[in-house]
Amino acid sequence: MSVLNVTFLGSEDLAKEIGKVSDSRDVESYVYKENNDSGVKILSLVRPVTFPDKIKGLTSALTLGDFIVLEVNAIDANLGELLVACSSSGISDGIIIPNPKDGAWIDEDQLGTLVKQVGLEKWDLMKLDALKLREYLLDVLDRKEGELIERIQNPLVIAVDQYFNVKGVGLVVIGGVRAGSVNKHDNLKILPSNGIGIVRSLQVMDDDVEQAKAGDRVGIALRNAEESSLSQGSLIVLKEDQDSVEVHNKTELIFNSAAFARYEPAENGIIHVAIDLQFVVGRIESVKENTIVVCWESPLMVRVKSDSHILICQLDAKPRIIGHSIDYKKLE
């Protein structure tokens, strides 16, 4: 089974034509499953529903994606913020689909200029209906097969999205397997609380499975685990392999400013950062050129074997995603 996780920045109507809705909160999930001679292929679309009112759904969707679909209904401030977000996300591949509302018109030359200004000129810019877009995404999945398999070889990291108690089952955790694989009966550690749990059972796409791997959205029934040890954005690792994640209370990072951003980091300034479903607030302790030191209100967790971008946000700025960092180190 192969899975392509798609950050879907488009309309609900288009998403529904591609896949079946499976979950809805600050993000919606849509799933399309295809069986053929080469096996099962799955498109898993994550669409932020609270944007533009709130930025967190957008950052959550971006931290889960391997590919981006950006549907453009109009050239406006919201589009500018989405282009900046795509450019800062670290997701290297995407497609931009002009689709004006109600017979309106989009100047594709102007759109192309904006795309170039944020550094996304290598992305396809083309008109596709839902059926052709689905075929396009399945082709992307085929091209990315090797990359996705490589992530399975890394240590297990699961980003927690939801958790709740189910009568007769116990504590259930829903999350995205960001790297590695998890099996029934594995001993797990929950970070940053250092809680523990044992895998009682696993579900992927509502099917009971013996193993879930990188790219899967998984439901895990845990035994010997406390609900108080979990929060949205917790990371779960194998108990014997907890060095796969660094827990930061203070971080030095290189700040890369986003296109169109008017924000300059300043001492005592407040920022938010997003990575692997986390959305963490921090205060800037010092600034020296483009190097900033940030103390976190709650721990920031970073996969050791990962080149993920840390998205940097300032909620009062326009655009709110002000930059990213790929060069960061733990100080405390």
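**Entry 1. The antiparallel sheet**

I began with the open sheet of 8 strands, whose order is S18-S23-S22-S19-S20-S21-S17-S24 and whose pairing is antiparallel. Its edge strands are S18 and S24 (328-330), each of which pairs on one side only. I took helices (H or I, at least four residues) and strands (E, at least two) as DSSP runs, numbered from the N terminus. Two strands were accepted as a pair if DSSP finds at least two bridges between them.

The model is a predicted one, in which local features need pLDDT of at least 70 and side-chain atom pairs count only at pLDDT 80 or more, while totals for chains, interfaces and linings use all residues. Residues are numbered from 1 along each chain as its sequence is written, and side-chain values use heavy atoms, with hydrogens and water left out.

**Entry 2. Strand S23 and the edges of this sheet**

I looked up how covered strand S23 (residues 321-325) is, and found that 5 of its 5 residues are buried. Buried here means under 20% relative accessible area, exposed means over 50%, and partly exposed lies in between (1.4 Å probe, protein chains only).

I then followed the partners of S23. Strand S18 (residues 256-257) is joined to S23 by 2 bridges, and the two run antiparallel. Within this pairing, serine 257 has glycine 323 as its bridge partner. Strand S22 (residues 310-313) also pairs with S23 in the antiparallel sense, over 4 bridges. There, isoleucine 310 stands opposite serine 325.

For the S24 edge, I noted that strand S17 (residues 245-254) pairs with S24 in the antiparallel sense over 3 bridges. Glutamate 252 stands opposite lysine 329 in that pairing. As a general reminder, side chains in a regular strand alternate between the two faces of the sheet.

**Entry 3. The mixed sheet**

I next examined an open sheet of 7 strands, in the order S2-S3-S4-S1-S5-S6-S7, with mixed pairing. Strand S2 (20-24) and strand S7 (124-125) are the edge strands, each pairing on one side only. I checked one parallel pairing: strand S1 (residues 2-9) meets strand S5 (residues 67-72) over 4 bridges. In it, leucine 9 stands opposite leucine 70 of S5.

**Entry 4. Salt bridges**

How many salt bridges does the rule give? The count comes to 16, where a salt bridge is a side-chain nitrogen of Lys or Arg within 4 Å of a carboxyl oxygen of Asp or Glu.

I looked up three pairs. The closest N and O atoms of arginine 151 and aspartate 66 are 2.7 Å apart. This pair links distant parts of the chain, 85 residues apart: arginine 151 is in helix H6 (residues 145-152), and aspartate 66 is in the loop between helix H2 (56-64) and S5. Arginine 151 counts as buried, with 15% relative accessibility, and aspartate 66 counts as buried at 8%.

Glutamate 108 and lysine 127 meet through their side chains at 3.4 Å, N to O. They too are in distant parts of the chain, 19 residues apart, with glutamate 108 in helix H4 (residues 108-117) and lysine 127 in the loop between S7 and H5. Glutamate 108 is partly exposed at 35% relative accessibility, whereas lysine 127 is exposed at 59%.

Arginine 303 and aspartate 276 have their closest N and O atoms 2.8 Å apart. Arginine 303 lies in strand S21 (residues 291-303) and aspartate 276 in the loop between strand S19 (270-275) and strand S20 (278-288), so this salt bridge ties together parts that are 27 residues apart in sequence. Both arginine 303 and aspartate 276 are buried. I also recorded a network in which salt bridges that share partners join Asp93, Lys144 and Glu147.

**Entry 5. Surface patches**

Which residues form the negative surface patch? I found Asp13, Glu17, Asp129, Glu135 and Asp139. Helix H1 (12-18) and helix H5 (130-143) each supply at least two residues of this patch. Aspartate 13, in helix H1, is exposed, with a relative accessible area of 57%.

Phe164, Val166 and Val169 make a nonpolar surface patch of about 190 Å². Valine 166 belongs to strand S8 (residues 157-166) and is partly exposed, at 31% relative accessible area.

For both patches I used residues with over 30% relative accessible area and no salt bridge, joining like charges within 9 Å and nonpolar side chains (Val, Leu, Ile, Met, Phe, Trp, Tyr) within 5 Å. Accessible areas come from the Shrake-Rupley method with a 1.4 Å probe, and for residues only the protein chains shown count as cover. Asp and Glu count as negative, Lys and Arg as positive, and His and the chain ends are not counted. The place of a charge is taken as NZ of Lys, CZ of Arg, CG of Asp or CD of Glu.
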